[in-house]
Amino acid sequence: MSSIKSIAIIGLGYVGLPIALLASKKGFNVIGIDTDIKKIKSLASNKSYIGDVADDEIIHTKASFTTDATKVSEVDAVIICVPTPVSAEKIPDLGPVRGAVSAIAPHIKKETLVVVESTINPGVCDEVVIPLLEKLSGKKVGIDVYLAHCPERINPGDPKWNVSNINRVVGANSKLELDMAVELYKKIIDAEIKPMGTIKEAEAVKIVENSFRNINIAFVNELAMSFHKLGINLENVIDGAATKPFAFIPHHPGCGVGGHCIPVDPYYLIEYAHNHGFEHEFLRLASNINESMPRFTVDLLIEALNEVGLPLKDTKVTLLGMSYKANVGDGRESPAHVIRDLLVEAETNLTIYDPYTPEDSTTNSLNEALAGATAVVIATGHDEFKNITPSLLKKNGNLVLIDGRNILRSQKEAFKNNSIIYTGIGI
Ligand SMILES: NC(=O)c1ccc[n+]([C@@H]2O[C@H](COP(=O)([O-])OP(=O)(O)OC[C@H]3O[C@@H](n4cnc5c(N)ncnc54)[C@H](O)[C@@H]3O)[C@@H](O)[C@H]2O)c1
């Protein structure tokens with residue numbers, strides 16, 4: 001078994017760029033490869049395009065970056081970090097994975113270890129990656145070249161957990177491939193590397209983790225819709241339940257679930273199981289509930305405006321936050337986009353502000369965004385929005401606040417005392 005000294009990372013996004021930089025820091029010769037010329041040009045001019053990666057890291061890295069996939073002929077291992085989206089109909093799109101495998105297969109040398117880090121459902125390595133790799137490389141996987149799966153768990157914007165300190169699982173189809181991949185990751189990651197029994201188990205781990213989160217969020221979102229009618233403050237109930245020292249994990253309701261992982265990954269299992277004769281009704285229901293939250297949020301706005309005798313149409317509404325999570329600039333699958341579309345469709349007089357996605361904003365500051373708005377809807381819990389106070393809204397003439405992330409719930413009474421209608425999700 002040859003020791004791996006050089007690695008190519010295919011796909012330099014939220015997952016690929018941090019692992020490329022880390023592997024280089026750990027002494028590997030790293031070539032980062034991406035089809036997006038804009039990203040390669042940005043890296044060439046020492047500019048990061050990812051919030052968690054500082055320009056300084058690009059300046060000091062020994063890794064090189066290119067669009068040229070033939071460069072994989074120079075390395076001992078290839079790590080694939082390309083996107084795994086779903087279509088508008090929620091059907092998994094393995095196009096980027098197929099594209100990456102097709103691009104590298106003709107050029108990899110004998111004994112190269114290929115690792116898929118992209119999130120994939122059980123069966124993708126065996127049924128999609130191996131046949132394509134063998135066909136286009138002319139090499140037998142497990143004998144001439146090797147394959148493993150090591151799903152990434154990175155959590156963008158997380159100050160504690162990052163690419164280097166999150167435990168990993170690794171799966172492969174033979175002991176040789178498993179040992180190679182475990183040895184490689186032990187040299188890159190400063191955390192536990194757990195070998196799985198099969199490659200399918202490793203694929204399933206990632207989908208199960210993210211489906212677990214999607215389901216738990218769906219549960220509290222359903223409770224939010226119920227408790228809104230029952231007049232029970234769900235956040236207070238969750239705080240109460242969280243005092244139980246075992247068997248309860250607090251999750252919080254919100255105006256929807258976004259990002260490239262949580263709302264997407266369950267569909268990979270749903271579709272795969274469906275094709276094998278099993279219907280994941282529970283997973284489908286959870287996704288349906290979470291996907292209904294932007295509509296519920298707009299309904300809360302309609303309800304609150306009714307209280308002051310105003311229609312949605314032509315009312316001056318300010319939408320705060322477009323990215324899918326607090327303090328990051330990633331807009332993928334963001335429920336804020338659905339809320340925006342519903343508000344546009346309802347012909348509101350709409351202003352949008354997100355300090356992390358200026359391209360989505362119609363104004364440049366929170367003060368400008370609030371000025372003269374009748375209603376304010378918070379769709380993303382950015383820290384800047386936590387500075388909103390009842391007196392600030394009163395000064396700007398805002399009558400209604402819909403808090404889609406419950407970030408201002410501690411001021412609920414104070415908003416009421418200032419004649420501002422405050423409605424959170426389930427509170
Ligand atoms: N973003 C997250 O928080 C996160 C966390 C854990 C796992 N994942 C998983 O990791 C994978 C990558 O996600 P991401 O967020 O980094 O995506 P991303 O869109 O940020 O980055 C993917 C990159 O791959 C490039 N690419 C696409 N096809 C290519 C090809 N054929 N050859 C070379 N480059 C190609 C794209 O240009 C892009 O730069 C997905 O499967 C995702 O589910 C993401």
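**View 1. Helix H10 bends in this predicted model.** The bend, of about 35 degrees, falls at Met293, and a proline, Pro294, follows within four residues. The helix covers residues 281-307, and at 1.5 Å a residue these 27 residues should span 39 Å; the end C-alpha atoms are 38 Å apart, which agrees with that expectation. Just after H10 comes Gly309, whose phi is positive, at about 70 degrees.

**View 2. Five strands form an open sheet with parallel pairing.** Read across the sheet, the strands stand in the order E10-E9-E11-E12-E13. Strand E10 (349-353) and strand E13 (421-424) each have a single partner strand, so one side of each is left without a neighbour in the sheet. On average, neighbouring strands here are turned by 15 degrees against each other, direction ignored. Within this sheet, strand E9 (residues 316-320) and strand E11 (residues 375-378) are joined in the parallel sense over four bridges, and Leu320 stands opposite Ile378 in E11.

**View 3. Helices H10 and H11 lie across strands of the five-stranded sheet.** H10, the helix of the first view, lies across E11, strand E12 (400-403) and E13, and runs at about 160 degrees to E12. Helix H11 (residues 335-345) lies across E9, E10 and E11, running at about 170 degrees to E9.

**View 4. Eight strands form an open sheet with mixed pairing.** The strand order is E3-E2-E1-E4-E5-E6-E7-E8, and the edges are formed by strand E3 (64-66) and strand E8 (193-195), each of which pairs on one side only. From one strand to the next, the twist averages 25 degrees. At the E8 edge, strand E7 (residues 168-172) runs parallel to E8 and is joined to E8 by three bridges; Arg168 has Ile193, in E8, as its bridge partner.

**View 5. Helices H1 and H5 meet strands of the eight-stranded sheet.** Helix H1 (residues 16-25) packs on the sheet, where this helix touches strand E1 (6-10), strand E2 (29-33) and strand E4 (77-80), and its direction makes about 165 degrees with that of E2. Helix H5 (residues 124-137) lies across strand E5 (113-116) and strand E6 (146-149), and runs at about 150 degrees to E6.

**View 6. A shell of 28 residues surrounds the ligand.** Of these residues, Gly11, Gly13, Val15, Gly99 and Ser118 come nearest. Helix H4 (residues 95-104) supplies the largest share of the shell, four residues. By character, the shell divides into 14 nonpolar, nine polar and five charged residues.

Note on methods
Residues numbered from 1 in each chain as written. Predicted model: local features only at pLDDT ≥ 70, side-chain atom pairs only at ≥ 80, totals over all residues. Helix = DSSP H or I, 4+ residues; strand = E, 2+ residues; numbered from the N terminus. Expected span 1.5 Å × (residues − 1). Bend = angle between axes of the 7 residues up to and from the residue. Near = placed C-beta within 6 Å. Nonpolar A, V, L, I, M, F, W, Y, C, P; charged D, E, K, R; others polar. Pairing = 2+ DSSP bridges. Axes fitted to C-alpha atoms, helices over the stretch in contact; angles between N-to-C directions. Contact = placed C-beta atoms within 7 Å.
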